[in-house]
Amino acid sequence: MEELDLPQMQREVESLKLQLQTNREKSSVTVADLVKWIEEGVANDPFLNADLLRTNPWVEGGKCVLL
Amino acid sequence: MGEMEQLRKEAESLKDQIIVARKGFADTTLQEAVAGTAVVSRVQLKTRKTLRGHLAKIYAMHWGAGLTQCVSASQDGKLIVWDTLSTNKVNAIPLKSSWVMTCAYAPSGNLVACGGLDNMCSIYNLKGKDGNVKVMRELASHTGYLSCCRFVSDSEIITSSGDCTCILWDIETGTEKTIFAGHLGDCMSLGVAPDFKSFISGACDYTAKHWDIRDGNCTHTLSGHESDVNAIGFFPNGNGILTGSDDATCKLYDLRSDQELITYQDATIMCGVTSLAPSLSGRLLLAGYDDFNVNIWDALKAERVGVLAGHDNRVSCIGVSSDGMACCTGSWDSFLKIWN
């Protein structure tokens, strides 16, 4: 990892001041939102619902056709 | 006290203040929030297609915004645009430098980009008038290798480099709009937010950083990994950051509360993570490792729920298509595979 010179150190301090000011929200709110967003999306996730992949364009159609 | 020493003390003090600030917003954990949630059942994805044609290690792939095309880059010196349904090569673009490490597909589908040990990002126009694919721009000013590139639009692209910086470029003029400096080690990967207003970078200083594209500032520095952060990606809703590291783990960070939420690790996994991609809902995390496998994790419960085994060498890149219907893996064994 690099050792910083003076101008780089000054920029690091300025950046840290800005990062300290970053807006933060309570995790009880944000984590609940994240979990809710995931759980609402699960039903539409093709990797978690076999029936969504019933029309799977990457699978070759069968050679038999139902007449 | 010299100025350097004063600045060092100030930096340490600010880092401590940030840790205190974070603690103030940590009133729950992900584990608590999902204590009552069951782990998803075993996920079994099958190889549906194998894309053959590269003659050497594949280093990168990226899905197009359309649902079935992707671009791949190999150190055989070619960029190939694939129709993954037919496995046909739509374009096979010979590169000036074969030491390519990254490639990207523009959201519009009009452009692709690549770069590597030539320290440049080359932009190719796929929709040129005479049907020939030619270099449109060569973006050169990084003083280290190009590790990753991602389009913001047809006129802007972000690159990450071994020179420890990321750059936002104006493709039209071929000039740098903004230089994002602050990482203390090679930048290894980057990801652009779904709303295109910010991006994230992972580096060999063991951290990931979140940057505002317009004002150029770093808003969050995410620590916790014990080695290089090789892979990074936004959680699909833009509020989470997924990282993969040489320390054999992946992590999920929450941007809004600035917390590290969970680590995806297993005592039996001792090799580095090379690449990662979330599934459409974010419930699954697919991660490629040096041991030739892809592990599928339940992102909420941090348990392994599946494995994609099929490559004969390191999985170097992975991507999930934009409608979540397929996953593509690229490997040092020179093949790409489509799974679902």
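**Chain A and chain B: salt bridges and helices**

Q: How many salt bridges are there between chain B and chain A?
A: Let's count pairs that put a side-chain nitrogen of Lys or Arg within 4 Å of a carboxyl oxygen of Asp or Glu. You're looking at a predicted model, so local features need pLDDT of at least 70 and side-chain atom pairs count only at pLDDT 80 or more, while totals for chains, interfaces and linings use all residues. Residues are numbered from 1 along each chain as its sequence is written, chains are lettered from A and ligands numbered from 1 in the order written, and side-chain values use heavy atoms, without hydrogens or water. Over all chains the count is 17, and between chain B and chain A it's 4.

Q: Which residue of chain B meets Asp33(A) in a salt bridge?
A: Start in chain A: Asp33(A) belongs to helix α2, residues 27–41. Helices here are DSSP runs of H or I with at least four residues, strands are runs of E with at least two, and numbering goes from the N terminus. Cross over to chain B and you reach the loop between β20 (250–254) and β21 (259–264). There, at 2.9 Å from N to O, the partner is Arg256(B).

Q: What is the area buried between chain B and chain A?
A: This is accessible area (1.4 Å probe) that two parts lose on being put together, summed over both. Carbon and sulfur atoms give 67% of it. In chain B, Leu184(B), Arg256(B) and Met325(B) lose the most, together 15% of what that side buries. The total is about 5000 Å².

Q: How many residues of chain A are in contact with chain B?
A: Contact means heavy atoms within 4.5 Å. Chain B brings 71 residues, and the count for chain A is 46.
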